[in-house]
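Visitor: I should like to go through a model with you, one question at a time. Please give the reasoning before each result.

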Amino acid sequence: MPKPGSFKLNVDAALSDHLRKVGIGAAVTKSKGEIVAAMSSFFDGILPPLLAEAKALLWAVHWCMAVRFPLDCIASDCLLLVKRVKHCWKDNSVFSDLVDQILSCLSFFPNAAIIHESRNHNVLSHNLANAAVRLEREGLWNGSIQEFL
């Protein structure tokens, strides 16, 4: 949970091979879990799950940078991604390039911890990501979230 005055970002990705889309869901909450803002977006294509999760995290962190949320905590349900970001993992892969980009963005949030949370604790961003594959344009919410999520 974030400290008072700070925010927590939860992020997730969803894949739809049938629609050839990757959905991104992100939610920013206050210290007591109150929703501050949420984003549901997508991009066209088919990716392996790990790359989709990395792109979703990068996209969500860019959004938080643009809005200037003082993030204290960033959570994903992708344990491998969290481990690789925490340990600044490098090789010559596309995934490593995404990790580098994520690390560069995280420098804007020097006090933010990146953590793994199970899907049970990442339900809102998971639902936002699943909804995103059905959307035709990005959805942004300030405070309350649409009931279809």
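The exchange below concerns the predicted model shown above.

Visitor: What is the average pLDDT of the protein chain?

Guide: The model is predicted, and pLDDT is the predictor's confidence in each residue, on a scale from 0 to 100. In this chain, 93% of the residues score at least 70. The average pLDDT of the protein chain is 89.

Visitor: Which element has the lowest mean pLDDT?

Guide: Among the elements of the chain, α1 has the highest mean pLDDT, at 96. At the other end, with a mean of 78, stands the strand at residues 139-142, namely β6.

Visitor: Which residues does UniProt assign to the feature "domain: RNase H type-1"?

Guide: The annotation comes from an unreviewed UniProt entry. Over the stretch concerned, the chain is 41% helix and 29% strand, and the end C-alpha atoms are 15 Å apart. The record places the feature at residues 10-132.

Visitor: How many residues of β4 are buried?

Guide: Buried means under 20% relative accessible area. C73, for example, has a relative accessibility of 7% and therefore counts as buried. Strand β4 is mostly covered, and the number of its six residues that are buried is six.

Visitor: Over how many bridges do β1 and β4 pair?

Guide: Strand β1 covers residues 7-16, and its pairing with β4 is in the parallel sense. One position in this pairing is L9, which stands opposite I74 in β4. The number of bridges between β1 and β4 is five.

Visitor: Which residue of β5 stands opposite C73?

Guide: Strand β5, residues 113-116, runs parallel to β4, and four bridges join the two. The residue of β5 opposite C73 is A113.

Visitor: How many disulfides does the model contain?

Guide: A disulfide is a covalent bond between the sulfur atoms of two cysteines. The cut-off applied here is a sulfur pair within 2.5 Å. The sulfur of C88, a partly exposed residue at 42% relative accessible area, is 14 Å from the closest cysteine sulfur, in C105, and so is too far away for a bond. By this rule the number of disulfides is zero.

Visitor: Which cysteine sulfur is nearest to that of C73?

Guide: C73 is in no disulfide. The nearest cysteine sulfur is 12 Å away, and it belongs to C64.

Visitor: What span does helix α3 reach from its first C-alpha to its last?

Guide: Helix α3 runs over residues 94-106 and has 13 residues. At 1.5 Å a residue, 18 Å is expected, and the span in the model is close to this. The helix reaches 19 Å.

Visitor: Which elements are included in what covers the buried residues of α3?

Guide: The buried residues of α3 are F95, S96, L98, V99, I102, C105 and L106. What covers them includes α1 (49-67), β4 (71-76) and α2 (79-86).

Visitor: Is K55 buried or exposed, or partly exposed?

Guide: K55 is in helix α1. Leaving out residues up to four places away in sequence, K55 touches F43, L47 and L98. Its relative accessible area is 32%, which lies between the limits of 20% and 50%, so K55 is partly exposed.

Visitor: How far apart are the C-alpha atoms of I24 and S125?

Guide: I24 lies in strand β2, residues 21-29, and is buried, with a relative accessible area of 0%. Its contacts beyond four places in sequence include D12, M39, W59 and L128. I24 and S125 are 101 residues apart along the chain, and their C-alpha atoms are separated by 8.0 Å.

Visitor: Which residues are in contact with S16, leaving aside neighbours within four places in sequence?

Guide: S16 is found in strand β1. At 12% relative accessibility, S16 counts as buried. Its contacts are K21 and V133.

Visitor: What is the phi of R20?

Guide: R20 sits in the loop between β1 and β2 and is exposed, with a relative accessible area of 51%. Its phi is positive in a residue other than glycine, with a value near 55°.

Visitor: What is the phi of R68?

Guide: R68 is found in the loop between α1 and β4. At 71% relative accessibility, R68 counts as exposed. R68 is a residue other than glycine with a positive phi, near 65°.

Notes:
Residues are numbered from 1 along each chain as its sequence is written. This is a predicted model: local features need pLDDT of at least 70, side-chain atom pairs count only at pLDDT 80 or more; totals for chains, interfaces and linings use all residues. Side-chain values use heavy atoms; hydrogens and water are left out. The expected span of a helix is 1.5 Å times one less than its number of residues. Buried means under 20% relative accessible area, exposed over 50%, partly exposed in between (1.4 Å probe, protein chains only). Contact means heavy atoms within 4.5 Å. UniProt positions are given in the numbering used here, feature names are shortened, and annotations may be inferred rather than shown by experiment. Two strands pair if DSSP finds at least two bridges between them.
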